[in-house]
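This report describes the fold and selected local features of a single protein chain. The sequence and the coordinates are shown first, and the description follows.

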Amino acid sequence: MYMKRIEKVYQELVDIWQDCEKQDFLIKKGSSANELAERLDLTRANTSLELNKLVREKRVLKIKSYPVGYLPIEVLEDKLQLQWDDKIEEVTDLTAYVRQPEKKVKRNPFELMIGSNDSLKKAVFQAKAAVYYPPNGLHMLLLGPTGSGKTFFANKIYQYSIFEKIIEENAPFESFNCADYYHNPQLLLSQLFGYRKGAFTGAEEDHPGLVEKANGGVLLLDEIHRLTPEGQEMLFYFIDHNRFNRLGETGFKRQANVLIICATTEDPNSSMLETFLRRIPMTIQIPALNQRSLREKVELSKFLFEKEAKRVQRTFVIDIDVINALINTDAYGNVGQLQSHIQLICAQAFLHNLHEKNKISIGIQELPEEMLSHWSSSSKNIRRSKEIEEFVGVTTTIHPSEKSNDEDYEGFNIYEMIEEKVKILENESISEAQIHQYILTDLRLHVKNFISNKTVNYNLLKFVDPLISNLTIELKKIAEKHLGVCFDRKFLYYIGMHLDAYFRREKKDNLLSQLDIRTITSEHSREYEVTQLFQLEIEKRLGITLPEIEMVYLTMLLVSIETVEEKKQISVLVVTHGNSTATSMVQVAVELLGAAPIVALDMPLNLNPDEMFQRIVQQIEELETDNGVLMLVDMGSLAMMEGKLMEKTGVAIKTIPNITTLIVLDVVRKINYMDLSLAGIYSSVMKDFLATIQTQENGRPKAILSICTTGSGTAKKIEQMVSGILQNSTEESVEIITVSSLKIPQTMSKLIEKYQILATVGTKDPKIDVPHISLEDLIEGSGERVIRQVVGLPYEKKQQRPKNTVIRDLCQDALNTYLVYLNPYHITDMLLDWTKELQMNIEMTFSNIMILKLVVHTAFAFERAIKQDPLTYTDPWREELQIPLDIVSSTIESLEDRLVLNLVEDEKIFIAEILLNE
């Protein structure tokens, strides 16, 4: 009898799991699409397609892991003796659904907290009062800086409520970060309150929200200042009446009893509705780490070391100087950063004691270079050591505790990685010294995983040999000089880490023996020439000659490192007469608007102009000056020094006189939130505040350049948008000129000569000394503010054209030119709907540029399907593509049915790549 492919896949899955034990379901992560494809001799894409259909049919459960796993629900129910909730299609950890975690608390959870009778005493008292307040407790707002422990404290409130039998032992605790959906209010509200089937595109079934799930328990809303006013209004209606509705429902018919705990790092009065704040009567301040007592800092350090000891299952013997350095360094400002430092130190110590099965000694040699340098150079060490001797001995012994920690470790375990690698290398009969060097290299390359940092972790450079660090800085200068580019810190990271690993491991000439050296050196001759200069510098400094293959590898690395893309901000120097005027202005600006590259220089009244000049020069030399310096001064000779200062320092400088605190605030806001050049910031501030002394460029008409690849199409659309902004807003004539980005080198000098260019708008920044507004900013609306500022108009908040209309026009313009068989208007609407479904499935909001990429690329993919000329994916398969590929395959199926076209697997992988890169 013929069996359909979907049934074959399902039956194979049942056969695999039918004979498994209960523990297998909890430990293993299901069967992957790859595994099933191999067993059934099917392609992975087809297998993945059928598995996702089975998930939607409620027959299979998806386990979100790497790779994604699948379990047959009927077998799961039988083996685990439970009734599975068919509303749950995918989970991360099956254990939580099989048995509830133990929530019986034998001791008052607040008493177990470090600082409960010290810096947290008032917070604990307030929390207890709020929990007991009749009839159902008071909702709370936790205030405190990032990493101070607000989420941890909220968990303690929940545990205390269980301990005091105020809520049931199995009461839920739900948490939600409002920042995750800040740019998509509809998605944010749907997560909070749920939605009914058909409420929006992609809402294929009823879905409960967090308020509903938290019924009878606690709901933590982190970064509550990111909740939209509409969301705040819906929430305070729920607080008043305990009633709510899902998105798409009418009336407030649903009911829930929830204790709400909000948390924020911001001033709630400046970011939240007064009507909402009135409904959160209990405000609790969580102190920053530097506000906690010495005893607490020591106890926190010991507690974090204890977590690491349990994780590695070794006893730690910690030198008092290590704890001294940790709690007195300026390199961190919160408990989270303290934990990262301790994890790095423990990983280093573990590596140095690989074969020590019981005790690991942790001395100052394990400290990162920067921290060790800070500790070594401090004259206060002896006094500080005496201060902490009251709480710790000369050495502190910490055993791996058997008691459960408040937070389980998740994900990557650096110690398991080290032990696993050691076993493999020992089996290969590699010497202990070589193993140590291999693992040290791996530690540097992988340690960012257990710090949970998604960006390049420049802290790892602290572990690089200082000799290599200094060498890498010199190599960066050589490369920049001979290639005519400016590299950012990624150069120091990638080249530095590679050289450090190379000189630590045993040198091998055959590491890249498969490469065609001649091809690489001819294709990248300039980079190879720079690498030869590297060779000379390395030989001069270290007396080492690199093998040819290592030269080739450095050439490849040099080619792959992107030149500077991270925007460097303009530095601001505030200089005023008096002992504290400048300092006060800067302090107000930073407190209100956050950190910025701004420095205050107070000038005593008894200084003569020459002394003032020398002080300013000295201060400018200490600033980051790549993008220039904006000087804000008060009066007199300070306003006359600009030309002389530029001549002396070689730095681009603009000076704004007669400053006030309001001007300093405006400058900091623009530096932090607007991508303007030095001239752009200067011009913007002068237009906003100093119109009477604004310098006019006479004789040339004013213009704004609209730029796209061809100079037509998108550029014309931009021209219409800019015209709409300026229409009826100014009496001055501002010409909008469309320019092809391909012709910028030939035309720009003539345009600058003919016009007074106020700004450029479009797909490419021509890098001239005026503000540039990207297409994304123009669509989002922030670009309008910049345009109005450069032409000297106040910003007016007005109803904008819907962004989706602009995106639709741009997509249609792009497709209309090149599509032959498909109707660009119909396919655009279909693909825009599909991108909404994609966003719902992966729970993120796409940028407009991302939507443009997806729509245009996928339209061309369907066009290629008609021509039977699909793209071929030739790169090696990467496991991280599996999840986005599954989502693409499942969501695009309805489009394929409507168009009666099927995309091959390789085309879908290219779309998955676009998602992954976002």
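How much area does the chain expose, and what share of it do carbon and sulfur atoms supply? In this predicted model, the exposed area of the chain is about 46000 Å², of which carbon and sulfur atoms supply 48%. The chain has 918 residues, and 49% of them are buried. Its secondary structure amounts to 40 helices and 24 strands. Of the contacts between residues at least 6 apart in sequence, 72% join residues at least 24 apart.

**The five-stranded sheet**

One open sheet has five strands in the order β6-β9-β12-β5-β13, and the pairing is parallel. At its edges stand β6 and β13 (282-285), each of which pairs on one side only. From one strand to the next, the twist averages 20°.

The table lists three strand pairs of this sheet, with the number of bridges in each.

| Strand pair | Sense | Bridges |
|---|---|---|
| β6 and β9 | parallel | five bridges |
| β9 (residues 218-222) and β12 | parallel | four bridges |
| β5 (residues 140-143) and β12 | parallel | four bridges |

Individual residue pairs fix the register of these strands. Phe176 has Leu221 in β9 as its bridge partner. Leu219 is bridged to Ile260 in β12, and Leu141 stands opposite Cys262 in β12.

Is strand β12 enclosed or open? Six of the six residues of β12 (residues 259-264) are buried, so the strand is largely enclosed by the rest of the structure. The burial extends to both faces: Leu259, Ile261 and Ala263 are buried on one side, and Ile260, Cys262 and Thr264 are buried on the other. Helix α8 lies across β5, β6, β9, β12 and β13, and runs at about 150° to β5.

**The four-stranded sheet**

A second open sheet, also described by parallel pairing, has four strands in the order β18-β17-β19-β20. Strands β18 (598-603) and β20 (653-656) are at the edges with a single partner strand each, so one side of each has no neighbour in the sheet. The twist from one strand to the next averages 20°.

Within this sheet, β17 (residues 571-577) and β19 (residues 629-633) run parallel and are joined by five bridges. Ser571 has Val629 in β19 as its bridge partner. Two helices pack on the sheet. Helix α27 (residues 609-621) touches β17, β18, β19 and β20, and its direction makes about 160° with that of β18. Helix α28 (residues 642-649) touches β19 and β20, with its direction at about 155° to that of β20.

**Helix packing and an enclosed helix**

Two packed helices are described by the angle between their axes and the distance between the axes. For helix α14 (residues 294-312) and helix α15 (residues 320-328), the angle is about 115° and the axes are 10 Å apart. The crossing of α14 and α15 is right-handed. On the α14 side, Leu294, Lys297, Val298, Ser301 and Phe305 take part, and they meet Val322, Leu326 and Ile327 in α15. The residues of this contact comprise six nonpolar, one polar and one charged.

Helix α38 is another element with extensive burial: nine of its ten residues are buried, so the helix is largely enclosed by the rest of the structure. The buried residues of α38 are Gln882, Pro884, Leu885, Asp886, Ile887, Val888, Ser889, Ser890 and Thr891.

**Backbone features in loops**

Most residues other than glycine have a negative phi, and most peptide bonds are trans. Which peptide bond is cis, with omega near -5°? The bond from Pro134 to Pro135 has this geometry. Pro135 is in the loop between α7 (121-132) and β5.

Lys165 is not a glycine, yet its phi is positive, at about 60°. Lys165 belongs to the loop between α8 (150-163) and β6 (173-177). Its relative accessibility is 71%, and because exposed residues are those over 50%, Lys165 counts as exposed.

Gln868, likewise not a glycine, has a positive phi of about 55°. Gln868 is placed in the loop between α37 (848-867) and α38 (882-891). With 70% relative accessibility, Gln868 counts as exposed.

Conventions:
Residues are numbered from 1 along each chain as its sequence is written. This is a predicted model: local features need pLDDT of at least 70, side-chain atom pairs count only at pLDDT 80 or more; totals for chains, interfaces and linings use all residues. Side-chain values use heavy atoms; hydrogens and water are left out. Axes are lines fitted to C-alpha atoms, for helices over the stretch in contact, and angles run from 0 to 180 degrees between N-to-C directions. A crossing is left-handed if the near helix is turned anticlockwise from the far one by less than a right angle, and right-handed if clockwise. Contact means heavy atoms within 4.5 Å. Ala, Val, Leu, Ile, Met, Phe, Trp, Tyr, Cys and Pro count as nonpolar, Asp, Glu, Lys and Arg as charged, and the others, Gly among them, as polar. Buried means under 20% relative accessible area, exposed over 50%, partly exposed in between (1.4 Å probe, protein chains only). Accessible areas come from the Shrake-Rupley method with a 1.4 Å probe; for residues, only the protein chains shown count as cover. Two strands pair if DSSP finds at least two bridges between them.
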